[in-house]
Amino acid sequence: MKEILQQIKEEVVAGFVACGYDEKYGMVSLSNRPDLCQFQCNGALAAAKEYKKAPIAIATEVAQKLSGNEMFAKCEACPPGFLNIDLSDEFLAKFVSEMASDKDRFGVEKVSNPKKIMIDYGGPNVAKPLHVGHLRSAIIGESIKRTARFMGDEVIGDVHLGDWGLQMGLIITELKLRKPELVYFDENYDGEYPSEPPFTISELEEIYPCASGKSKEDEAYKEAAMTATYELQHGRKGYQALLSHILNVSVSDLKRNYEKLDVTFDLWKGESDAQPYIPDMVQKMKDDGFAYISEGALVVDVKEETDTKEVPPCMILKSDGASLYNTTDLATLVWRMQDYNPDSVIYVVDKRQELYFTQVFRCAKKTGIVPADKNLYFVGFGTMNGKDGKPFKTRQGGVMRLEYLLKEVEDKMLEKIKENGTMSDEEAEKTASVVALSAIKYGDLSNQASKDYIFDIDRFTSNEGNTGPYILYTIVRCKSILNKAKDVDALATILPAHSDSEKALHLELTKFMAALSSAYEDMAPHKICAYIYDLANAFNRFYHDTKILAEEDQTRKASYLKLLTLTRDILEQSIDLLGFKAPERM
RNA sequence: GUUUCUGUAGCUCAGCAGGAUAGAGCGUCCGCCUCCUAAGCGGAAGGCCGGGAGUUCGAAUCUCCCCAGGAACGCCA
């Protein structure tokens, strides 16, 4: 259905036009003075210049023209020239009623031109456990994916594993040092490689940081790792067999962890999947004259005249001939275009990588890997900091594993539930994990993605304030009443509001469409958070001063229940887009 | 050094296609459970929107300069 602001605007525009003013002055926005009115139009102030009239005169004229319009309870001119608008309670109730009758979408229409979008989020390294650094990509990407899907786009999520490059060389080098007798290291071996991996996930997780540490101190070790990387990339069989072991062991562990986060991917492709496309891609870049040798490396210039800063060329191959991050990302775009041909690709990545992606995007467009009419978006997110404002660490100063973080938050929630609940242990634990996820995700998503934010467990899990648990609690309240009222009349209409708090709730509900579409357009989940926080507040106020189940007027009671249903549904739909769920009780 | 992001209440953050008295939460203080979950609701105190110029009838919001902090800046990803 048509957004409420749009409906109001049409009336106001008509008013302006009828008075002889340009329609552009009929812009309507939410009031920034809710104490005075619900909506406002500042067009008269702007029109004053063009028509050489006092703003208040214009506003008064338009206000008179609009008086008597059924949509408005009030439409008055206010000095110096504001047009203050209140909707009639009837119109408001009717609008909300219409939303309620739209069972699954609550008035939100799908986009008229759905797109095929591929979204690249996650980016975990195999052989390394998920840590907090992967949290934001997963959470934000998942939310953007769900939102776009809800709006009608076809969205393909790709985890984009980090399963190539120096880190693999490091693991192989360390493994060789520890178990040189393994057949994978015997270059003359030409039999079948064992199907059982020569390590467990925990060993793997220990090997990488160890190797990485050594390579920073030991030049020769680093050299060996780079050689191993090169050999792996150039088809050394034993190493490739090792790679697939590493992948298998690691991916099943990753899947388990992402599942806990309620984050899913349609594709489990990795950097290694792009490798077969590299030779042709590179050759074509050379043939087309885009790629040339500079300082020993193969590069493509991506400078543009409008640049305010130096944009270094996009490096395609290192001087030793090995591929690197950029190469792999470009080759990944090759198969993405070839196999899926998406209209756009969205990268949800740490914002520090912005320059790299600028280079990659330009290079992809310039060399024709990605046609000009496709869009490549970089959604950069900030760092997750600890309470001290520095990157989040464990108490020991190491990188916090996601599993442990999750466990810590779950324990906190469980404690709270046990304190004031009467649940069985089993239900308490289930509920704790649901609420914990909401605490983490809401804590993250309620901040603008691009900014750094402080991950404060105590605040996120707090009983009070703008938190995931608060939103869930509100939903649980709705559910609790609805469960008790067995006779919810699905066909009931929502009556004009009886009280201020009810009216405020109506008004808040009408903003759902606008909130969602702006979150969608800006790829900004925090806008959904801001909206549901306002909605939850409005509901709790209403809840507090309205006796719902005890209401004697049955029509009114049915209207309340309908209102509750809509509130619950919108909240649940919204948190689903954020990537978490509400329990039945808490 | 260059580029870029950030700077709003004691703390954590909204608001930024300019508009009327700058908004939340936490923390502090004061109220509210014989009533549908008090993980709630109401209220109070708390701000030169980093500083300075400019554009405008009007600036937290746009432009420029400064200050402070972070980040990126060709063979890591």
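# Exercises on helices, strands and an RNA surface

Helix H5 (132–150), helix H14 (425–445), H16, helix H17 (500–510), helix H18 (512–521) and helix H20 (554–578) are what the buried residues of H19 pack against. The model is predicted, with local features requiring pLDDT of at least 70 and side-chain atom pairs counting only at pLDDT 80 or more, while totals for chains, interfaces and linings use all residues. Residues are numbered from 1 along each chain as its sequence is written, and chains are lettered from A and ligands numbered from 1 in the order in which they are written.

**Exercise 1.** Describe how many helices and strands chain A has, and what share of its residues is buried.

*Solution.* Begin with the terms: helices (H or I, at least four residues) and strands (E, at least two) are DSSP runs, numbered from the N terminus. Counted in this way, chain A has 20 helices and 13 strands. A residue is buried if 20 or more other C-beta atoms, placed from the backbone, lie within 10 Å of its own, and 43% of the 586 residues in chain A are buried.

**Exercise 2.** Compare the span of helix H3 (residues 55–66) with its expected span, and find where its buried residues lie around the axis.

*Solution.* The expected span of a helix is 1.5 Å times one less than its number of residues. For the 12 residues of H3 this gives 16 Å, which agrees with the 17 Å between its end C-alpha atoms. Next, list the buried residues of H3, which are Pro-55, Ile-58, Ala-59, Val-62, Ala-63 and Leu-66. Seen down the axis of H3, these buried residues fall within an arc of 130° (taken from the directions from the helix axis to the C-beta atoms), so they line one face of the helix. In general, an α-helix has 3.6 residues a turn, so residues three or four places apart point the same way. Finally, the buried residues of H3 pack against helix H1 (4–18), H2, strand E3 (72–78) and E4, where two residues are in contact if their C-beta atoms, placed from the backbone, lie within 7 Å.

**Exercise 3.** Explain why strand E10 (residues 344–350) counts as largely enclosed, and name the strands that bridges join to E10.

*Solution.* Five of the seven residues of E10 are buried, so this strand is largely enclosed by the rest of the structure. Two strands pair if DSSP finds at least two bridges between them. Strand E5 (residues 116–120) is joined to E10 by four bridges, and the two run parallel; here Ile-117 stands opposite Ser-344 in E10. Seven bridges join E10 to strand E11 (residues 375–381), again running parallel, and Val-349 has Gly-380 in E11 as its bridge partner.

**Exercise 4.** Characterise the surface near RNA strand B by its residue classes and by the element with the largest share.

*Solution.* A residue is near a strand of this kind if its C-beta atom, placed from the backbone, lies within 6 Å of it. There are 70 such residues around RNA strand B, of which Gly-165, Lys-318, Leu-324, Gly-465 and Tyr-473 come nearest. For the classes, Ala, Val, Leu, Ile, Met, Phe, Trp, Tyr, Cys and Pro count as nonpolar, Asp, Glu, Lys and Arg as charged, and the others, Gly among them, as polar. The surface near RNA strand B then has 30 nonpolar, 25 polar and 15 charged residues. H16 supplies the largest share of this surface, eight residues, while the elements that each supply at least two include helix H2 (43–51) and helix H19 (525–544).

Note on methods
A residue is buried if 20 or more other C-beta atoms lie within 10 Å of its own, exposed if 12 or fewer, and partly exposed in between; C-beta atoms are placed from the backbone.
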